[in-house]
Amino acid sequence: LLCAVGRAGHCCVLLSEHEGSQMATLRAAADGIFSAFRARGSRTLQATRFAQRQAAALKRWQTTEASDKARKVVGYWLLGCSGMVAGAVVVGGITRLTESGLSIVRWDVVKGIKPPRTQEEWENEFDKYKQSPQFKYVNHSMTLDEFKRIFYMEYAHRMWGRTTGMAFLLPAAFFWAKGWFSKPLKARAGVYAVLIGFQGVLGWWMVKSGLKDISASTDIPRVSQYRLAAHLGTALVIYSSMLYTALGILSPPTLQAASPHLKRLRGLAHGTVAMVFITALSGAFVAGLDAGLVYNSFPKMAGRWIPEDILAMSPKIKNFFENPTTVQFQHRLLGTTTFAFIVGTWALARGVALTSRARLALHCVTGMAFVQVGLGISTLLCHVPVSLASAHQSSSLALLSFAIWLMHELRKKLPRL
């Protein structure tokens, strides 16, 4: 019995040892399997995270590339719109010089798009013009063929303005919907839209001033010089702002090297833009009053540095806006002062280390200033022919453009657009 019990105990011990070794083997196998799964899971997780990072980087690259393309499209669009505004200014100047601005005596946004075609329609349009003061007191002997020439000039100006408005508004709505406008650009686009609409209303308000009956038989029917200046000034504001914004998008300026005169040069560049703008605006008063025809000598006015009738009106303040002599005198003074200011800016900039683009812009401003002064004097001495006067007005726009370019190149900080 004792032997049987002993053998049974020995068998149990052996069995326990055997089972223990099997369990250890099973645990080791399980640990190996779990380790393999953990390693594979870690590799899979790493691969997943790497793929996600790659996808995010690709998306950022695609977004950046698309954003850059969108910015360039918006920039070139604004540049084109500014060119359209410049064209409207040039065509408007020719319209004023040819006395064509009062040939269309009505303003219709929709029906005004279609010009007369048949003989009957032309006769009806001519009959409307015959009721205007310009026909009664100036063009009373005008024929239908002569009327057609001035009609088409004013018609071209109006259609150019409407085309400019559509060229801005339709793409602007598309870009806004696509999300291509940044927050600053949205604000500017809204301002441009308001100004363009205001400019159209302002143009008709200006024309209406020339359709009123004149107060005296010696008066000449013409648009108000105040409204003409407002019309031109608004166009110049739209043009300048669009050009400046387009340059900021398409051609970010290179920061200039530190220089003790750089800050002063930036101020002079801003002053150049302001002086060119004011001088161009004073030209609207010259055109509105036909002041270029009163004294056709230079540098003196009828042998005098200061003409006798410069303050003939009362109160004295009226002379600066309504006296043709005073208006021509102050335009001469402004033009000469602006020219001297630009030459002085060029001389100061010689000692400043500028980038090649900034230096080129400075040379362009200075060169165009010489051209503008030469055209202005020639226009005056030749009694304001349409060709020279139109070139003088167009070159003032070119001078303003170069001044804006110089101001852009001398920016202290990169624009946030």
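## Alanine 302 and the loop between α7 and α8

Alanine 302 counts as exposed, because its relative accessibility is 56%; buried means under 20% relative accessible area, exposed over 50% and partly exposed in between, with a 1.4 Å probe and protein chains only. The structure is a predicted model, in which local features need pLDDT of at least 70 and side-chain atom pairs count only at pLDDT 80 or more, whereas totals for chains, interfaces and linings use all residues. Residues are numbered from 1 along each chain as its sequence is written, and side-chain values use heavy atoms, with hydrogens and water left out.

Alanine 302 is placed in the loop between α7 and α8. Helices (H or I, at least four residues) and strands (E, at least two) are DSSP runs, numbered from the N terminus. Although alanine 302 is not a glycine, its phi is positive, at about 55°. The loop between α7 and α8 (319-322) also holds proline 299, and the peptide bond leading from phenylalanine 298 to proline 299 is cis, with omega near 5°. Proline 315 lies in the loop between α7 and α8 as well; the peptide bond from serine 314 to proline 315 is cis, with omega near 0°.

## Overall fold and confidence

The protein chain contains 11 helices and 0 strands. Of its 417 residues, 38% count as buried. Among contacts with a separation of 6 or more, 78% come from residues 24 or more positions apart; contact means heavy atoms within 4.5 Å.

The mean pLDDT of the protein chain is 86, and 82% of its residues reach 70 or more; pLDDT is the predictor's confidence in each residue, from 0 to 100. Residues 1-19 have a pLDDT below 50, and this stretch has 0 contacts in the model beyond near neighbours in sequence. For residues 57-63 the pLDDT is likewise below 50, again with 0 contacts beyond near neighbours in sequence. Where pLDDT is low, the predicted coordinates should not be read in detail.

## The pairing of α6 and α7

Helix α6 (residues 225-250) and helix α7 (residues 262-289) have axes that come within 8 Å and cross at roughly 145°. Axes are lines fitted to C-alpha atoms, for helices over the stretch in contact, and angles run from 0 to 180 degrees between N-to-C directions. The crossing of α6 past α7 is right-handed; a crossing is left-handed if the near helix is turned anticlockwise from the far one by less than a right angle, and right-handed if clockwise.

On the α6 side, the contact is made by Gln225, Tyr226, Leu228, Ala229, Leu232, Gly233, Leu236 and Val237. The α7 side contributes Phe277, Ala280, Leu281, Ala284, Phe285, Ala287, Gly288 and Leu289. By class, this contact has 13 nonpolar, 3 polar and no charged residues. Ala, Val, Leu, Ile, Met, Phe, Trp, Tyr, Cys and Pro count as nonpolar, Asp, Glu, Lys and Arg as charged, and the others, Gly among them, as polar.

## Leucine 243 and serine 401

Leucine 243 has its place in helix α6 and is buried, because its relative accessible area is 9%. Leaving aside neighbours within four places in sequence, leucine 243 is in contact with Leu79, Ser82, Ser401 and Ile404.

Serine 401 is in helix α11. With a relative accessibility of 15%, serine 401 also counts as buried. The C-alpha atoms of leucine 243 and serine 401 are separated by 7.8 Å, although the two residues are 158 residues apart along the chain. Serine 401 touches Tyr239 and Leu243, not counting residues up to four places away in sequence.

## Helix α10 and the turn that follows

Helix α10 (residues 356-381) has 26 residues and spans 38 Å from its first C-alpha to its last, close to the 38 Å expected at 1.5 Å a residue. The expected span of a helix is 1.5 Å times one less than its number of residues. Buried residues of α10 include Ala358, Ala361, Leu362, Val365, Thr366 and Met368. The buried residues of α10 pack against α7, α9 (324-349) and α11 (386-409).

Histidine 383 comes just after α10 and lies in the loop between α10 and α11. Its phi is positive, at about 65°, although histidine 383 is not a glycine.

## Threonine 325 in α9

Threonine 325 is placed in helix α9 and counts as buried at 4% relative accessibility. Apart from its neighbours within four places in sequence, threonine 325 is in contact with Val294, Tyr295, Met301, Pro307, Asp309 and Ile310.
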